[in-house]
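Hi,

Here is the structure I promised to pass on to you. Have a look at it first, and then read my notes below.

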Amino acid sequence: MKKVCLILKSKNPEAKKSLTAARKFLSQKGYKAYFDLKKSILKNKLEWIMVFGGDGSVLHAANKT
């Protein structure tokens, strides 16, 4: 199973709505979605990471990887 991480670091309702749509779409395509960038998850070899938020959110996620 392909693994992805979806990160939401925004209180913006549109970002939450987009994450929900992405989660549903990815599930239909056979992806398992994680929602936290813990090291234990990173060891599971994620296919990719998708960040919902602004520049700071992307920088925060990049700092954890």
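About 4,800 Å² of the protein is exposed, and carbon and sulfur atoms supply 52% of that area. One thing to keep in mind as you read: this is a predicted model. As for what is tucked away, buried residues make up 23% of the 65 residues.

Next, the charges. The protein has 15 positive and 4 negative charges, and the mean positions of these two groups are 8 Å apart.

Now for the fold. If you trace the chain from the N terminus, the elements come in the order β-α-β-α-β-α, which gives you three helices and three strands. The radius of gyration is 12 Å, close to the 11 Å that the globule rule gives for 65 residues, so the protein is as compact as a globular protein of that length. Along its principal axes, the C-alpha trace spans about 30 × 25 × 10 Å. Contacts are worth a look too: among those between residues at least 6 apart in sequence, 69% join residues at least 24 apart.

Which residues make up the largest nonpolar core? There are seven of them: V4, L6, A15, L19, A22, L26 and F52. Two elements, β1 (2-8) and α1 (13-28), each give two or more residues to this core. The largest share comes from α1, with four residues. Apart from this core lies another one, of six residues, including C5, Y34, L37 and A61.

If you want one core residue to click on, try L26. Beyond its neighbours within four places in sequence, L26 is in contact with V4, L6, Y31 and W48. Two of those partners, V4 and L6, are listed in the largest core as well.

I also picked out three single residues for you.

Let's start with S57, which sits in helix α3 (residues 55-64). Is S57 buried or exposed? Its relative accessible area is 7%, and buried means under 20%, so S57 counts as buried. Setting aside neighbours within four places in sequence, S57 is in contact with K9, V51 and F52. F52 should ring a bell, as it is one of the residues of the largest core. Y31 is another matter: S57 and Y31 are 26 residues apart along the chain, and their C-alpha atoms are separated by 22 Å.

Then there is K29, in the loop between α1 and β2 (31-34). Its relative accessible area is 53%, and the cut-off for exposed is over 50%, so K29 counts as exposed. From K29 to V51 you move 22 residues along the chain, and the C-alpha atoms of the pair are separated by 19 Å.

Last comes K11, in the loop between β1 and α1. K11 is exposed too, with a relative accessible area of 78%. How far apart are K11 and W48 in space? The answer is 23 Å, C-alpha to C-alpha, with their places 37 residues apart in sequence. W48 is also one of the contacts of L26, so to speak a handy landmark when you turn the model around.

Cheers

Methods. Residues are numbered from 1 along each chain as its sequence is written. This is a predicted model: local features need pLDDT of at least 70, side-chain atom pairs count only at pLDDT 80 or more; totals for chains, interfaces and linings use all residues. Side-chain values use heavy atoms; hydrogens and water are left out. The radius of gyration is taken over C-alpha atoms; the globule rule is 2.2 Å times the number of residues to the power 0.38. Buried means under 20% relative accessible area, exposed over 50%, partly exposed in between (1.4 Å probe, protein chains only). Contact means heavy atoms within 4.5 Å. Accessible areas come from the Shrake-Rupley method with a 1.4 Å probe; for residues, only the protein chains shown count as cover. Lys and Arg count as positive and Asp and Glu as negative; His and the chain ends are not counted. The place of a charge is taken as NZ of Lys, CZ of Arg, CG of Asp or CD of Glu. A nonpolar core is a set of buried Ala, Val, Leu, Ile, Met, Phe, Trp, Tyr and Cys residues joined through side-chain atoms within 4.5 Å.
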